Amino acid sequence: MKFMKYANFFYKGVGIEPYATDSRPQANSLRANLIFWANVLNLSAITSGEIIYLGVSLAEGKLLEAVTVMSYIGFVIVGMSKMFFIWWKKPALSEMVRDLEHIYPKGKAAEEEYRLDSYLRSSSRISVTYALLYSVLIWTFNLFSIMQFLVYEKWLHLRVVGLALPYTVYYPWNWEAPWSYYLLLFCQNFAGYTSAAGQISTDLLLCAVATQVVMHFDHLSKVLESHRLSGNWEEDSRFLLNTVQYHQRILRLSEVLNEIFGIPLLLNFMVSTFVICFVGFQMTVGVPPDIMIKLSLFLFSSLCQVYLICHYGQLIADSSFSLSSAAYKQNWNHADSRYRLALVFIIARAQKTTHLKATVFMNITRATMTDLLQISYKFFALLRTMYVK
């Protein structure tokens, strides 16, 4: 499916085939399994070292070092959780994609009626921009220590940088030994890519499915509003029946979407609250300009990720609610009284807005972004107070 191609590209990089359909049968590839478990084991090992480093930093009262490594741990938690939930929910995701294929517009005429090209262009543009942003972020972090060494020490001769790793991890041996340093440099770069790819792929998959849900809601609204009723109950009731069945199918897709992505989204918002707080704190304690650039990119990427999800949540809410207005604008005053009575129930159901949900705890709209930033600022203020004292 065209909407899914960017998500599938990044899933392939971490060894995950997220779904199977009639046109895309499941393939049990040994190579894919090896890639997946190599990613998971390496990322787990690096994260364990970061957690140990966090404990040592807190025990020694090094708040800034602890906050720095907590940012990395939060980034990993989000990426790992999204990877595992997609891997776990593969059967449900496959069934959802099959349903999307069944109602996908087929033929040039249907594609034009649904305005498929418009939604596809919008989805592709956002997907490419978001993937590039996150790719720049992770490779900036991965290659930052190497660039410092090449620029400051080898090129400008300003200072001795020495050997450095991208992420602060505790190692109980001399990691600066040549064989150890290059191995750990590769493992940390590999882990950073895994975490970023896990987030990019799942976010792009969520956006692709959400775009199609919005497309179907919008098409149903257009059909319902523009349909001219004949006044004949038998003919109009058939149209009404088809409308209700189509609406129920879209609502079911929305429910499955929330079942699959609900828990990862909740973890994403919870962890992002702290990550934004931690990164903002690091930016206010007086860091060099080059570090400031790296942290600014991290902060901007985290904000873009949250806004992207909130944006699509708002689109789903708006498109589902607009169905009630479309039904009211229909020429129902010429319809049979039974049709008008049935239309009241359609309007009432459409006014129960369909939301993208982070489980039962949170309906996601653009207002969620504001709430998250408010919570992040409160934690930031608390952290600053602790650091100053």
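**Notes on the helices, salt bridges and surface of this model**

1. Let me start with one residue, E255, which counts as partly exposed at 43% relative accessibility. Please keep in mind throughout that this is a predicted model. The side chain of E255 meets that of R252 in a salt bridge, with 3.4 Å from N to O. R252 is likewise in the partly exposed class, its relative accessible area being 41%. Both residues sit in helix 8 (residues 233–283), and because they are 3 residues apart, about one helical turn separates them. The pair also belongs to something wider: R252, E255 and E259 are linked in a network of salt bridges.

2. Now a step back to the whole chain. The secondary structure of the protein consists of 11 helices and 2 strands. If you trace the elements from the N terminus, the order is α-α-α-α-α-α-α-α-α-α-β-β-α, so you will meet the two strands just before the final helix. Along the principal axes, the C-alpha atoms fill a box of roughly 85 × 50 × 35 Å.

3. How much of the protein counts as buried? The figure is 51% of its 389 residues. The accessible surface comes to about 18900 Å², and carbon and sulfur atoms account for 64% of that area. As for contacts between residues at least 6 apart in sequence, 78% of them join residues at least 24 apart.

4. Back to charged pairs, where the count comes to 6 salt bridges. As a reminder, side chains of opposite charge can pair when their charged atoms come close. One of the salt bridges joins the side chains of K82 and D203, at 2.5 Å from N to O. Which parts of the chain does this pair tie together? K82 belongs to helix 3 (residues 63–88) and D203 to helix 7 (residues 178–226), so the bridge connects parts that are 121 residues apart in sequence. Are its two partners buried or exposed? K82 is buried, with a relative accessible area of 1%, and D203 is buried too, at 2%. When you open the structure, this is a pair I would look at, since both residues fall under the 20% cut-off for buried.

5. E95 and R98 give another salt bridge, in which the closest N and O atoms are 3.7 Å apart. Here the two partners lie in one helix, helix 4 (residues 90–102), and because they are 3 residues apart, the separation is about one helical turn. E95 is partly exposed at 42% relative accessibility, and R98 is partly exposed as well, with a relative accessible area of 24%.

6. A polar residue in the interior comes next. N142 is located in helix 6 (residues 116–155), and with a relative accessible area of 0% it counts as buried. What does the side chain of N142 have beside it? A polar atom of that side chain lies 3.3 Å from the backbone oxygen of N189. Leaving aside residues up to four places away in sequence, N142 touches P166, Y167, Q188, N189, G192 and Y193. N189 therefore appears both as a contact of N142 and as the residue offering the backbone oxygen.

7. Two backbone angles deserve a look. Most residues other than glycine have a negative phi. R115, however, has a phi near 55 degrees, a positive value in a residue that is not glycine. Where is R115 placed? It is in the loop between helix 5 (108–114) and helix 6, and it is partly exposed at 43% relative accessibility. T359 also has a positive phi, near 60 degrees, and is not glycine either. This residue is in the loop between strand 1 (356–357) and strand 2 (363–364).

8. Finally, the surface. A nonpolar patch is formed there by F274, I375, F379, L382 and M386, and together they have about 450 Å² of accessible area. Which element gives the most to the patch? That is helix 11 (residues 366–388), which supplies 4 residues. I375 is found in helix 11. With a relative accessible area of 40%, I375 counts as partly exposed, so this side chain passes the patch cut-off of over 30%.

Technical notes: Residues numbered from 1 in each chain as written. Predicted model: local features only at pLDDT ≥ 70, side-chain atom pairs only at ≥ 80, totals over all residues. Heavy atoms only, no water. Patch = residues over 30% accessible without salt bridge, like charges linked within 9 Å, V, L, I, M, F, W, Y side chains within 5 Å. Areas by Shrake-Rupley, 256 points an atom, 1.4 Å probe, with all protein chains shown as cover. Salt bridge = Lys/Arg side-chain N within 4 Å of Asp/Glu carboxyl O. Buried < 20%, exposed > 50% of the residue type's maximum accessible area, 1.4 Å probe, protein only. Polar contact = N/O pair within 3.5 Å; in protein donor to acceptor, adjacent residues only side chain to side chain. Contact = heavy atoms within 4.5 Å.
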